[in-house]
Amino acid sequence: MLEILGTFAGNALSLPGILGLGFGMMTRQLYLAGVIGGLVGILESLIFSGFHLAEIGTLELTLSVLVGIVAGMIGCMIRRKGATV
Amino acid sequence: MNNPQDNRNRYRRIWDWFWRPTTQFSVGFTLISGFLIGILFWGGFHWTIEASNTEDFCVSCHSMETNLGEYRQTVHYYNHSGVRAVCSDCHVPKEWQHKIKAKAIAVKDVFYELIGSIDTTEKYEARRIDMAKIVWKKMRANDSRECRNCHAFEYMDFTIQEPRASSEHQRGIDEGLTCIDCHQGVAHKLPSNWLEEYEKLKNPVSASNFGSLWMMALANKPAHESDVVGSLEK
């Protein structure tokens with residue numbers, strides 16, 4: 001459980017959380033924001049594993065994609081609520 | 001006395017103000033000020049993380065006094081070169097993603113400190129093996145990553161090491177061992193049943209036969225594959 005919470009927090013304060021939120025704020029399409037956030041999650045796992053697929057853990061990848069999707073969607077909602085364009 | 005309705009209205013006004021489009025500030029002003037505030041927040045966050053990596057911070061909890069006393073008697077605290085490894089060098093990863101994960105998990109330490117899980121010597125000793133096993137398990141999983149921040153086989157000159165150290169390090173390379181497989185208790189005392197517990201962690205299946213293998217090691221007899229198989233068959 002601690003492992004999952006720690007990985008979740010690590011991702012929220014890393015690329016999926018920050019960049020996912022930022023990219024999500026660039027669109028009003030909720031699904032697109034989620035997809036972009038998820039891609040950031042995959043990208044982060046690849047970067048931090050040094051582009052060695054074998055070194056990517058299932059838990060890390062799943063959580064980073066999940067955090068990316070959620071962050072992207074939150075970013076999108078911020079865009080919808082806080083922008084007129 | 002505050003009326004709940006007034007409070008709700010106040011929060012509503014703050015919420016509406018937060019999402020109201022700016023009319024006084026230009027886009028440039030908003031971007032530049034957001035950028036500067038971002039730097040301040042990020043710098044402050046990073047500073048806080050680094051502050052929590054200092055030895056003073058780690059040992060500021062009462063229950064860490066035992067740890068500190070043991071660590072001060074080891075080569076990682078006091079040695080011929082004067083280079084030290086503090087708590088965070090061994091217990092906090094350097095890489096951002098692992099570091100933040102470790103920090104998030106460490107919140108549990110604050111909780112256990114508050115409820116006094118290891119605030120007496122008796123409690124500490126009772127839990128010593130459990131705490132050690134958590135660290136061993138983690139280090140085995142990450143190939144002793146924190147050890148390797150300073151120590152690496154690639155940069156070891158085996159010719160100037162003691163014969164036993166160089167042969168064991170060569171064996172470590174050949175058998176794909178990780179630092180913690182041999183170097184348990186380099187900074188803290190080991191519990192009495194550590195060897196048995198470590199072997200259970202390492203190889204749960206053959207743990208019951210470990211006694212005979214350990215006797216071979218004590219007798220300076222190399223544990224070749226045939227010896228191991230023979231021992232397991234017995």
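Start where the two chains meet: eleven residues of chain B are in contact with 14 residues of chain A. Keep in mind that this is a predicted model. Putting the chains together buries about 1100 Å² between chain B and chain A, and 74% of that area sits on carbon and sulfur atoms. On the chain B side, B:W19, B:Q97 and B:K101 lose the most area to chain A, and together they account for 48% of what that side buries.

There is some charge and polarity at this interface too. Two salt bridges are counted between chain B and chain A. One of the salt bridges in the model pairs A:E60 with B:K101, with the closest N and O atoms 3.4 Å apart. So B:K101 turns up twice in this tour: it is among the residues that lose the most area to chain A, and its side chain is a salt-bridge partner of A:E60. The rule also finds four residue pairs in polar contact across the interface of chain B and chain A. If you want to know which elements of chain B are involved, look at α1 (4–19), α2 (27–51) and α6 (96–105), each of which supplies at least two residues of the side that touches chain A. The largest share, six residues, comes from α6(B). By residue type, that side of chain B divides into eight nonpolar, one polar and two charged.

Now step across to chain A and pick out helix α4 (residues 58–82). How well does its length fit what a helix of 25 residues should span? At 1.5 Å a residue the expected span is 36 Å, and the end C-alpha atoms are 36 Å apart, so the two agree. Within α4(A), the buried residues are A:L63, A:S64, A:V67, A:G68, A:A71, A:G72, A:G75 and A:C76. Read those numbers along the helix with its geometry in mind: an α-helix has 3.6 residues a turn, so residues three or four places apart point the same way. As for what they face, the buried residues of α4(A) pack against α1 (2–12), α2 (15–24) and α3 (30–48) of chain A.

Back in chain B, the overall picture is simple to state. Its secondary structure comes to twelve helices and zero strands. Buried residues make up 25% of the 234 residues in chain B. Among contacts in chain B with a separation of 6 or more, 58% are between residues 24 or more positions apart.

Salt bridges are a good way to walk through this chain. Over all chains, the structure holds 19 of them. Side chains of opposite charge can pair when their charged atoms come close. Take a local case to begin with: B:D16 forms a salt bridge with B:R12, the closest N and O atoms being 3.5 Å apart. Both residues lie in helix α1 of chain B, four residues apart, or about one turn of the helix. B:D16 counts as partly exposed because its relative accessibility is 39%, and B:R12, at 49%, also counts as partly exposed.

B:R128 makes a nice contrast in setting. The side chains of B:R128 and B:E70 meet in a salt bridge at 2.5 Å, N to O. This pair links distant parts of the chain, with B:R128 in helix α8 (residues 121–141) and B:E70 in helix α4 of chain B, 58 residues apart. Are these two buried or exposed? B:R128 has 7% relative accessibility, so it counts as buried; B:E70, at 8%, counts as buried as well. B:R128 has another partner in B:E125, with the closest N and O atoms 2.9 Å apart. B:E125 and B:R128 are three residues apart in helix α8 of chain B, so about one helical turn separates them. B:E125 counts as partly exposed, at 40% relative accessibility. Elsewhere in the chain, B:K133, B:E196, B:E197 and B:K200 are linked in a network of salt bridges.

One last stop is B:T74, which sits in the loop between α4 (65–71) and α5 (87–91) of chain B. Is this loop residue buried or exposed? Its relative accessible area is 13%, so B:T74 is buried. Leaving aside neighbours within four places in sequence, B:T74 is in contact with B:V186 and B:A187.

Note on methods
Residues numbered from 1 in each chain as written. Chains lettered and ligands numbered in written order. Predicted model: local features only at pLDDT ≥ 70, side-chain atom pairs only at ≥ 80, totals over all residues. Heavy atoms only, no water. Buried < 20%, exposed > 50% of the residue type's maximum accessible area, 1.4 Å probe, protein only. Contact = heavy atoms within 4.5 Å. Expected span 1.5 Å × (residues − 1). Buried area = accessible area lost by both parts, 1.4 Å probe. Salt bridge = Lys/Arg side-chain N within 4 Å of Asp/Glu carboxyl O. Polar contact = N/O pair within 3.5 Å; in protein donor to acceptor, adjacent residues only side chain to side chain. Nonpolar A, V, L, I, M, F, W, Y, C, P; charged D, E, K, R; others polar.
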